[in-house]
Amino acid sequence: MTNNWNRREFLQKTSAATLAALAAGAPVASLVSGCAGNAKTTRRGTADTVILLWMAGGMAHTETFDPKRFTPYTTGMEGNRVLSTFKSVPTVLDGIHFSDGLQSIGKVMDRGTLIRSYVAADMGHILHSRHQYNWHTCYEPPQTVAAPHIGAWIANQLGPKNPVIPAFIDIGQRFTLGEGEELKAFHTSGFLGNEFGPFFIPDPSQGMESVRPPVGMDARRFERRNQLYNELIKNGPVGEFGSDYQKESLRQSMEQAYRLLKSPEAKAFDLSSEPKASYDIYNTGRFGLGCLMARRLTEQGARFISVTTEYEPFKGWDTHENGHTRMENMKCQIDGPIAQLILDLEKTGHLDRTLVILASEFSRDMMVEGRPDATVREQVNQPDVLNDPKFYGMHRHFTDGCSVLMFGGGVKKGSVYGKTADERPCKTIENPIHIDGLHQTIYHALGIDPETQYEVEKRPFYTTPDGKGKAVMDLLV
Amino acid sequence: MQENLLKEIFNVLNFDSIVSILVESFWLWQFLGRLHPMLVHFPVGLLCIALLLEGLSWFRKSTELRPGINALLWIGTISAILAAGLGLILVNQEDYAGQGVTIHQWAGISTMVLAILTLAALRTGRLTLYRGLLVLTVVGVSVAGHYGAMLTHGDDYLSSVLPFGDKSGLPKSSDATVAFASFNTGQPLTGKQVAELNLEVRSILAHNCYSCHSETKTKGELRLDRKELIFKGGKHGVILKTGHPEDSEIIRRISLPADHKESMPTKGKHLNEKEIALLSLWIKAGAPWPDGPEKSLYRVAALAPRLPVLPPATVDITNPIDRLVNAYFHTNKVQWKSVVDDHTYIRRVYLDIIGLIPTPAQIQVFEANTRPDKREALVKQLLARNDDYAQHWLTFWNDALRNDYSGTGYITKGRFDITNWLYASLKKNKPYNWFVRELISPNEESAGFIKGIKWRGTINASQRTEMQAAQNVAQVLLGLNLKCASCHDSFVSDWKLADAYAFANIFADTTLEINRCDKPTGKLAGRRILYKELGTISVDAPTEQRLRELADFLVQPKDGRLYRTLVNRVWAQLMGRGIVEPVDVMDNEPWSQDLLDWLAYDFVQNGYDIKKLMYTITTSKTYQLPSVGIKDAGLVTAPTFVFEGMVRRRLTAEQFTDAVSLAFMPVYQDTSLVKMLPPAMHKSIPFARASLVKNDPFQTALGRPNRETVSTSRTSQANLLQALELTNGTTFTETLKRGAERWKAQYPTTDSLVTALYRQSLGRNPQPKELAVARKMLGKESRVEGIEDLVWAISLHPEFQLIY
């Protein structure tokens, strides 16, 4: 935004300050450096970095962060009787329980806020990737223009925090799996332009591959190659290719890539340099290692990092059978690494300005598909009476009450927001929060104006539909 | 003398009106007036220097500078008198008014008087008085100068570059606001400003108020969507008093705190300061709203075709394009440059027509050819390479028709590709009217375009497949944005929600209900074509018949818009910038209406033949002009653009991949070719061309769009993610490895290898310096690693990357 001081006001307002500064021997540059670089926002937020921990596939709230009455399995039992298939365990917060298996996260809840009232969009017959699209872009697909991922908006608004680390890093998702094309549709910077798009690290244990010279090329050769490139350009015919933006942007980008690949910060992608004891705590699989990489990248100045448990139809949190046993495994994957991530960030002082969010596209229930007052067509048939342990679990998609965790970056500590019913349907009964509110809260914490927009095809396209949605100030300090 | 002068000056001042009459509309006065800015810098400088020297004299206690100061003062004072005089002429001659002018005028005159007094004091030897007056004179010069600068450069000329500032008042985030700056001077708004102001106002009203105060819902009996209704007001009376925002109910209501019970809007977000300020501004300006049909607000391009009169041919300018461009150049004072050499031409035309770089042999033959019409012959020959042509243009059309080999929708059978149909149509050079006809009134193979992408579940009403068809047909084929109007009446054009629905309804099996911003209105859509001059759709006929009618109506020669859109797209592809930009907004002003009209007219005359169109363009002198580099990507589409020749472009993802494949080593294996093509076709594919493989991280990084939505232009700008993919991505790295082995085996010596590589990739021999660098890299026996690195460096060289 350009300011609208006029010349006269400028002289009036600055003359006194100028004279004072000159008298004090201040360098002239200090007179004009009163603003925050090229930031497009007007307010400094409470966070600089975002880590999104994505529970892909629909994480059942009653089996994780919002447990209800536990009913153990008996053959022939009625599904309707089962609200949770796990015992509840206490957390560090008074009267707040988690589902068994999440004890470690329970112990760090005094550092964050638990939201128990996220209500996912109502989009009819469930398709995971549509709800994920909605969560990540704040818009419902399809759209007439390519909607940007929240990470792309943040990259666009705030730029990289450290110029050699890509502003938007996406860890853990492969796109060769089922619904991969649907996932690609929102893992994009859309109309904002490719430069704000995600830098993909599909496998964190191979992270270094993405930021080091090609396999088989040592540092010396890499340097020589770059030198050769510059020499050839210098010695080639000049003039006719003059200076234009394509050439200039190519030169700059190549230079930037070269710098990243050579930079000490690139080591953040190399998990093998992590001390073994620490590595082992995180190493519960790809997701855990993703958390470790997120921590390392945060320390080096990343802006937005998404770490996913990875979406693959009928895998991960997408439990359509054996829900109970599958859930045990998922909790195992996330509990230790997430708790450790929070503790590590706290120890290094990064937690204060790093917003960590754990979320999923929707929740699950044993009986209700969709929401109680608007159920939709079944995806997978489920029996009402359980004659086999494989039916014991939350196998239907539920959109009316989901849990979200937030830590650091200006979020209240040890707080709980919203509530779901203790009997089926376990839907939100207090302080519902929707996707636009959640996004606005994140943007608010980052100091991004709620009405941030981008004009595309002559239409204003806001970060949240029509610029609506309000930051939930109760979540923030 | 002093007294006389003073008297004269004051006489002039007292008789401003006489001056006005005297100087009225005579060119010399105007000319003299305009000398004022030139002259003022003189006294400014001289008087300041006089003070400086005077200070020096005082400091040194010497008088040796006095004669110089004396002269400076004399010249400075006379200049000041002249400047004041000319300034008075200027202010009467041209449109200057306002407080700033008054202050400037009196500051200038005072300065002049002070200068005269200073001179007088000096001459009478009153040194202290003289020094004091000199200081005052320089202060006067500064004040007058400052206000003068504000008049010339704007109020915030100085402060606008500062990084901090007062953010209150009207933020200048939108261009429109900037345009309104002059409003506050009290001058009447220009027609264009009125249009912009009204547009902004309507946009604010539409976004914030129409949901309750328009045709479909009229709370408090108030409607804000039509001029007479706004002025009529609602249940509680009038809502605005023109010229008096402070007494206007609407401003009072929107300015109330959100929790006040009379605050508006009651639903949705509160208007921000800027929006309120704009509405106030608008009311203050008399609430301008164009009478009659609202067409007048926006530029609407003519629908009918038009054959412009061709400017006369000259000895070397015979091609109709060149004749039209010649006239354009004449008007815009652009000089013709000589056409590019053979080497540049052959590379350019190869890449543009078939998407491949020429081989060294092809270049050699062409360069050796001495026939005068060899360029025409080359173009003909390239256009006749039907498969190569189709494989290149497939990329453009895939983007535009959002046809892809993978993507959303296929998983739930909600999407159909048209690859086979498209390939065959391009290969056959299907006349464009038939091409369009088959897209709109499709056969099984071409149905994918209007069927759109259907996601599982419920979707926004503005994205139902019929609406997608309407939007895509409008955007791609008619260069018309219907996306706004498919949700609510458009704020950037005259298209209404009802128009968009009526158009979409042609594609619908059952009558659509109009939804406004995804809320059903209870009204059923009509059925009509966007331009009713083109024909009337049989409302109750079966869908198939309606689509046939629509196709027939749209492809008629009298639908100039369809053909202008097409020729503009082809022009943009070949020249790097459309005659109209953006290419999807054909209502925008072309840089040459005659050229656009002629191309479209000629295209129809020539049997809707796209290849003929390309022939006409690529054999013109205009196409053969040296390419133009543009410093900032934003300037390419700016309305201030002046055409001077082809705008330099970067190779597309597909062109780059194919160039590497051809010059060095195929990037893709034949097994990567998409399965949609019939196996028989594989014979006509020289190597796995990038246009025929699925999108992958390599293509994405290089700019191939995901084809979920229509995409009609790609960016030429590089970025970090792309550079990383090119620096260490597996696709490229693997290609380099495979290729290097083969090249090493083929070329025993370093020199022969480097020479061959330069010839294959850049179509020329390496220069001695380049050869020296390469030798250093490769060593005597051409290490494989060295070859990889050299190829990498060449392929990222601007000479390889650009179409120039």
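Trainee: Which residues in H33(B) do B:Thr750, B:Asp751 and B:Val754 in H32(B) meet?
Mentor: Remember that this is a predicted model. H32(B) covers residues 750-762, and H33(B) covers residues 768-778. The three residues named lie in H32(B), and their partners in H33(B) are B:Leu771, B:Ala774, B:Arg775 and B:Leu778.

Trainee: How do the residues of that contact divide by class?
Mentor: Both helices contribute, with B:Val754 from H32(B) and B:Leu771 from H33(B) among the residues that meet. The contact divides into four nonpolar, one polar and two charged.

Trainee: Is H32(B) oblique or roughly parallel to H33(B)?
Mentor: The axes are 10 Å apart, and the packing angle is about 125 degrees. Roughly perpendicular ends at 115, and roughly antiparallel starts over 145. The angle falls between those bounds, so H32(B) is oblique to H33(B).

Trainee: Is B:Arg202 buried or exposed?
Mentor: B:Arg202 sits in helix H9 of chain B, residues 191-208. The cut-off is 20 or more other C-beta atoms within 10 Å. B:Arg202 has 22, so B:Arg202 is buried.

Trainee: What distance separates the C-alpha atoms of B:Arg202 and B:Trp289?
Mentor: Along the chain, the two are 87 residues apart. In space, their C-alpha atoms are separated by 9.3 Å.

Trainee: Which helix gives the largest share of the side of domain 1 of chain A that touches domain 2 of chain A?
Mentor: Domain 1 spans 40-207 + 285-475, and domain 2 spans 213-269. Nine residues of domain 1 of chain A contact six of domain 2 of chain A. On the domain 1 side, five residues come from one helix, residues 286-300: H10 of chain A.

Notes:
Residues numbered from 1 in each chain as written. Chains lettered and ligands numbered in written order. Predicted model: local features only at pLDDT ≥ 70, side-chain atom pairs only at ≥ 80, totals over all residues. Helix = DSSP H or I, 4+ residues; strand = E, 2+ residues; numbered from the N terminus. Buried ≥ 20, exposed ≤ 12 C-beta atoms within 10 Å, placed from the backbone. Domains from an automatic or database assignment. Contact = placed C-beta atoms within 7 Å. Axes fitted to C-alpha atoms, helices over the stretch in contact; angles between N-to-C directions. Parallel < 35°, antiparallel > 145°, perpendicular 65-115°, else oblique. Nonpolar A, V, L, I, M, F, W, Y, C, P; charged D, E, K, R; others polar.
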